[in-house]
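Me: Please show me the sequence and the structure, so that we may discuss the fold through questions and answers.

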Amino acid sequence: MSPDVFGLQFGPRELDRLRALATLGDPLVVHDFSAPAVRRRLADVEVLITSWGCPPIDSGVLAAAPNLRAALHAAGSVRGHVGDAVFDRGVLVTTAAHVNAEPVAQYAVAAILWAFKKVPFLAADARRFREDWSYRELRGELSGLDRTIVLVGFSRVGRRVVDLVRRLDLGRVLVVDPVVDPELVRAAGAELVPLAEALPQADVLSLHAPALPETRHLIGAAELAVLPDHATLLNTARGSLVNTAALEEACAKGRLHAVLDVTEPEPLPASSPLYDLPNVVITPHVAGSLGSETRLMAAAALDELERYVVGLAPVEPVTRHGLAVQA
């Protein structure tokens, strides 16, 4: 991982726990596997704890680390550093994505609640209209009752959003996910439907799918066109799920609203019209774990290390098949 990430995620408490579980060496933290000192260190390494900034664990790294048995990720996606070579070796891979799902889900539910009342958009309108409150009638029905929330992706985040929405009794939840077991969705209190059926019913369309070739521009001009008037698109997943040009055109017409924590590209160019639209809210990729929240992801990786040490099965293993449909 990068040195900055290490300083953020591993404080005295985490380091004390690490020392109690494993024999450490020097260098302890690396962000480049090619340095001679690191190559020598790799010869003895049995477990890697990885996080943001980890370079690919490729065949060269694996050749230099003949004793490597586990790569425990203290962050979310392992797609950037784990590939077929790691799985071919039989190295155990785990992720802390389930921990990162919690703040993302909380952000999404907060955005859903505000979208019902169009709070952030009315706040932008207030700067223009000021004491003329007639603008309150311009954003559609301002109600949280009998709303329909469509979640695209029954991922870790999507499942947690369903749970929170049901606990708060926020409305009917439809889930779009072509690979999930329908029984799991029903057990969570939601209904599994095709995308084409879900879109015309969405008061809020919340995206929680991974970035895969199959999901690129999943939401484009045709999909935006069938959303109800005044619907809100919420994206806390990956910017590539949405065709940015189509979203710019749709939002410029004023019919739809959008809350975007991720975009394509990221960040958007300064010329993007989305910045200036009162029906669009853009945040700089803050839904996931930041600051002290990232210590919980380090703790999850140490939990996996503890289970590895005593011979227990991992809590959140990543498999080759699973990675094909995960972020």
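Reply: Two strands pair if DSSP finds at least two bridges between them. Helices (H or I, at least four residues) and strands (E, at least two) are DSSP runs, numbered from the N terminus. This is a predicted model, in which local features need pLDDT of at least 70 and side-chain atom pairs count only at pLDDT 80 or more, while totals for chains, interfaces and linings use all residues. Residues are numbered from 1 along each chain as its sequence is written, and side-chain values use heavy atoms, with hydrogens and water left out.

Me: What is the order of the strands in the open sheet of seven strands?

Reply: The pairing in this sheet is parallel. Strand E6 (191-192) and strand E10 (280-282) are the edge strands, since each pairs on one side only. Read across the sheet, the order is E6-E5-E4-E7-E8-E9-E10.

Me: Which residue in E8 is the bridge partner of Val-204?

Reply: E7 and strand E8 (residues 232-235) run parallel and are joined by four bridges. Within E8, the partner of Val-204 is Thr-232.

Me: Which element gives the most residues to the largest nonpolar core?

Reply: A nonpolar core is a set of buried Ala, Val, Leu, Ile, Met, Phe, Trp, Tyr and Cys residues joined through side-chain atoms within 4.5 Å; buried means under 20% relative accessible area, exposed over 50%, and partly exposed in between (1.4 Å probe, protein chains only). The largest core has 31 residues, and Leu-205, Leu-224 and Leu-247 have the most contacts inside it. Elements that give two or more residues to it include strand E4 (148-152), strand E7 (204-207) and helix H12 (244-252). The greatest contribution, four residues, comes from H12.

Me: Which residues of helix H7 (residues 119-129) are buried?

Reply: The cover over the buried residues of H7 includes helix H6 (97-117), E8, E9 and E10. After H7 comes Arg-130, with a positive phi near 55°. The buried residues of H7 itself are Pro-120, Phe-121, Leu-122 and Asp-125.

Me: Which side chains of strand E1 (residues 47-50) are buried?

Reply: E1 runs parallel to strand E2 (residues 70-73), with four bridges between them, and Val-47 stands opposite Ala-70. The side chains of E1 alternate: Val-47 and Ile-49 point to one face and are not buried. On the other face, the buried ones are Leu-48 and Thr-50.

Me: Which element gives the most to the lining of the second largest pocket?

Reply: On a 1 Å grid over the protein atoms alone, a pocket is an open set with protein on both sides within 12 Å along at least five of seven lines, a cavity is a set of points where a 1.4 Å probe fits but cannot get out, and lining residues have an atom within 4 Å of a point. Of the 27 residues that line this pocket, Arg-41, Val-45, Val-47, Leu-48 and Ile-49 are the closest to its centre. With four lining residues, the element that gives the most is E1.

Me: What is the volume of the largest cavity?

Reply: Grid points are joined across faces, edges and corners, and a volume is the space filled by probe spheres set on the points. The whole structure holds one cavity of 30 Å³ or more. Among the residues lining the largest cavity are Leu-247, Leu-260 and Leu-274. Its volume is about 50 Å³.

Technical notes: Contact = heavy atoms within 4.5 Å.
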